[in-house]
Amino acid sequence: LAFVGEQAPVRTLAHWEAAHRNVLADEPQLRSIIDNELLYGLRLHEDAQIITGDGTGENLLGITSTNATGVQTYNWSAGAVLPVPDTKADAIRRAATLSFLAYYEPTGVVMHPNDWEDIELTKDSNGQYLVAISVALGGEPRVWRIPVVETPAIAEGTALVGAFGTGAQLYDREQANIRVSEQHSDFFVRNAIVILAEQRLALAVKRPEAFTKITFDAAPS
């Protein structure tokens, strides 16, 4: 291992929404807005920043950002053709091998819901599902023993596999806090308020080679 000096700037991530001023007098409704809507939106924003943030302004430098360096790449079209062309699941396994060869065991796969749907619904020539799950009971989403996280925060046609616990570290400088104000645009005369959720984070991708970005460009032919 080589040690070099790097910086992971702390960024402020925020998410807000408007509400009527009367919610300030209705604690259960205010709590519902904060817990079920505001903080949920902030977590979605955090997911997108960790994956694709470009590192400019108040954006984190995401793992798959075009401004990031050192992350390995694998294209679906680079897979085997014979005797049967690689599926998207095959592409994930081949990408995981790249992380293994970098001495990091993959701990997760992040992909868009449409791509995960393609993998779960892949059937053989007899109409049998290739991913072993119980349609009636469901099951933990895994592919090649690796847990799967499906999220719209990553672009469709792209997946990320890697050692998330080792290759990158998220520093939580300040947990989510809530602020309320009516001093926004014409909210005062409209009896409206703005509820803002903010948190301060820093993302350090210490071992970029522990990750492999997969592009589902086209099936091998």
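This passage describes the fold, the sheet, one helix, one loop residue and two pockets of a predicted model.

The protein contains four helices and nine strands. Along the sequence these elements follow the pattern β-α-β-α-β-α-β-β-β-α-β-β-β. The C-alpha trace spans about 70 × 50 × 25 Å along its principal axes. Of the 221 residues, 37% are buried. Contacts between residues at least 6 apart in sequence were also examined. Among these contacts, 74% join residues at least 24 apart.

Six strands form an open sheet. Their order is E2-E9-E6-E3-E5-E4, and the pairing is mixed. Strands E2 and E4 are the edges, each pairing on one side only. At one end of this order, E2 (residues 72-75) runs parallel to E9 (residues 211-215). Four bridges join E2 to E9. Within this pair, Gln 72 of E2 stands opposite Thr 212 of E9. On its other side, E9 pairs with E6. These two strands run antiparallel and are joined by five bridges. Thr 158 has Thr 215 in E9 as its bridge partner. Further along the order, E3 pairs with E5. This pair is parallel, with three bridges. Met 111 stands opposite Glu 150 in E5. The sheet therefore holds both parallel and antiparallel pairs, in keeping with its mixed pairing.

Helix H3 covers residues 113-120. Three of its residues, Asp 115, Trp 116 and Ile 119, are buried. Seen down the axis of H3, the buried residues fall within an arc of 95°, so they line one face of the helix. The elements that cover these residues include helix H2 (88-101). Also among them are strands E3, E4 (142-143), E5 (146-150) and E6 (158-162). These four strands belong to the six-stranded sheet described above.

Between E4 and E5 lies a loop that holds Arg 145. Arg 145 has a relative accessibility of 63%, above the 50% cut-off, and so counts as exposed. Arg 145 and Arg 93 are 52 residues apart in sequence. In space, their C-alpha atoms are 9.9 Å apart. Arg 93 falls within the range of helix H2 (88-101).

Two pockets were examined. The largest pocket encloses about 690 Å³ of space. Its lining comprises 24 residues. Nearest its centre lie Glu 6, Gln 7, Ala 204, Val 205 and Lys 206. By class, the lining of the largest pocket divides into 14 nonpolar, six polar and four charged residues.

The second largest pocket has a volume of about 260 Å³. It is lined by 14 residues. Asp 47, Ile 50, Ile 51, Val 110 and Phe 164 lie nearest the centre of this pocket. Helix H1 (27-52), strand E3 (108-111) and strand E7 (169-181) each supply at least two lining residues. Of these elements, E3 is also a strand of the open sheet and one of the elements that cover the buried residues of H3. The lining of the second largest pocket divides into 10 nonpolar, three polar and one charged residue.

Conventions: Residues numbered from 1 in each chain as written. Predicted model: local features only at pLDDT ≥ 70, side-chain atom pairs only at ≥ 80, totals over all residues. Heavy atoms only, no water. 1 Å grid on protein atoms, 1.4 Å probe; cavity = no way out; pocket = protein on both sides within 12 Å on 5 of 7 lines; lining within 4 Å. Points joined across faces, edges and corners; volume = space filled by probe spheres on them. Nonpolar A, V, L, I, M, F, W, Y, C, P; charged D, E, K, R; others polar. Buried < 20%, exposed > 50% of the residue type's maximum accessible area, 1.4 Å probe, protein only. Arc of directions from axis to C-beta. Contact = heavy atoms within 4.5 Å.
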